[in-house]
Every structure is written in C-alpha cells, then in structure tokens.
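Let's take a stroll through a protein model together. Have a look at the picture first, and then we'll go through it part by part.

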Amino acid sequence: MGEMLTYRQAARRVGRSMRAVRYWRARGMPMSWEIREGQKVRVVEESVLLAWWRQRMKNDPVYQINLRKRLAEADND
C-alpha cells in the first residue's frame with residue numbers, strides 16, 4: 001500500500017489546487033478517512049491519486065496540445 005495523502009498533500013503532489021482534488025473526490029475518486037493528530041481527515045492513496053490525475057490529463061485537450069508542442073520542440077533540438 002502506498003503513502004496516504006491529505007487534500008493539501010495530494011494537491012501539491014499533482015500541482016493542482018485543493019479544490020481540484022475535492023472536485024475529483026466528488027466525481028468518484030476513492031478516498032478514505034484517517035485520524036491524524038487527533039483530527040479525522042480525508043486521505044487518498046498516492047497511486048490512486050496519480051492514476052486519477054493521469055486519466056484527467058489524458059482527457060484534457062489543452063494539456064494534450066501543450067504536450068504535443070513540447071514534444072515537437074524537443075524533436076527540433
């Protein structure tokens with residue numbers, strides 16, 4: 001089992017906002033609860049987060065256009 005990340009840690013890990021991670025949870029990303037420093041917090045397993053993020057990027061047309069540009073620039077160098 002991988003590392004369990006809070007909303008803040010998950011957002012930092014994929015370079016998105018905490019709001020984006022909350023949105024993904026609302027859309028079905030599996031998360032669980034954990035007690036940390038006496039507080040009950042939502043957590044997501046890192047591998048689940050990264051798989052969810054990769055799928056979002058794969059389906060994002062803006063990300064795909066920018067990726068193609070970067071690859072074309074790398075080929076020209």
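## Two helices that meet

At what angle do H1 and H2 pack, and how far apart are their axes? Keep in mind that this is a predicted model. The angle is about 105°, and the axes are 8 Å apart. Since angles of 65 to 115 degrees count as roughly perpendicular, H1 is roughly perpendicular to H2.

So who does the touching? On the H1 side, the contact is made by Tyr7, Arg8, Ala10, Ala11 and Val14. From H2 come Met18, Val21, Arg22, Trp24 and Arg25.

## The nonpolar core

Now for the inside. The largest nonpolar core has 13 residues. Ala10, Val21, Trp24, Met29, Val44 and Leu49 are the ones with the most contacts within this core. Three helices give two or more residues to it: H1 (7-14), H2 (18-26) and H3 (46-58). H1 gives the most, with four residues.

Val44 is a nice one to click on. If you skip its neighbours within four places in sequence, Val44 is in contact with Glu3, Met4, Leu5, Ala10, Met29, Pro30, Met31 and Leu49. Ala10, Met29 and Leu49 in that list are also among the residues with the most contacts inside the core.

## Rings and charges

What about aromatic rings pairing up? The count of aromatic pairs comes to zero here. Rings do have charged company, though. Arg22 lies over the face of Tyr7, 4.6 Å from the ring centre. Tyr7 and Arg22 also turn up in the contact between H1 and H2. In another spot, Lys40 sits over the face of Trp33, at 5.0 Å from the ring centre.

## One buried, one exposed

Is Thr6 buried or exposed? You'll find Thr6 in the loop between strand E1 (4-5) and H1. Its relative accessibility is 16%, and the cut-off for buried is under 20%, so Thr6 counts as buried. Leaving out residues up to four places away in sequence, Thr6 touches Arg36, Val41, Arg42 and Val43.

Asn76 is another story. This residue lies in helix H4, which covers residues 61-76. With a relative accessible area of 67%, Asn76 is exposed, because the cut-off for that is over 50%. Want to see how far apart two residues can be? Asn76 and Met18 are 58 residues apart in sequence, and from C-alpha to C-alpha they are 37 Å apart in space.

Notes: Residues are numbered from 1 along each chain as its sequence is written. This is a predicted model: local features need pLDDT of at least 70, side-chain atom pairs count only at pLDDT 80 or more; totals for chains, interfaces and linings use all residues. Side-chain values use heavy atoms; hydrogens and water are left out. A nonpolar core is a set of buried Ala, Val, Leu, Ile, Met, Phe, Trp, Tyr and Cys residues joined through side-chain atoms within 4.5 Å. Buried means under 20% relative accessible area, exposed over 50%, partly exposed in between (1.4 Å probe, protein chains only). Contact means heavy atoms within 4.5 Å. Rings of Phe, Tyr and Trp (its six-membered ring) pair if their centres lie within 6.5 Å; planes under 30 degrees apart count as stacked, over 60 as edge-to-face and the rest as tilted. A charge sits over a ring if NZ of Lys or CZ of Arg is within 6 Å of the ring centre and within 35 degrees of the ring normal. Axes are lines fitted to C-alpha atoms, for helices over the stretch in contact, and angles run from 0 to 180 degrees between N-to-C directions. Angles under 35 degrees count as roughly parallel, over 145 as roughly antiparallel, 65 to 115 as roughly perpendicular and the rest as oblique.
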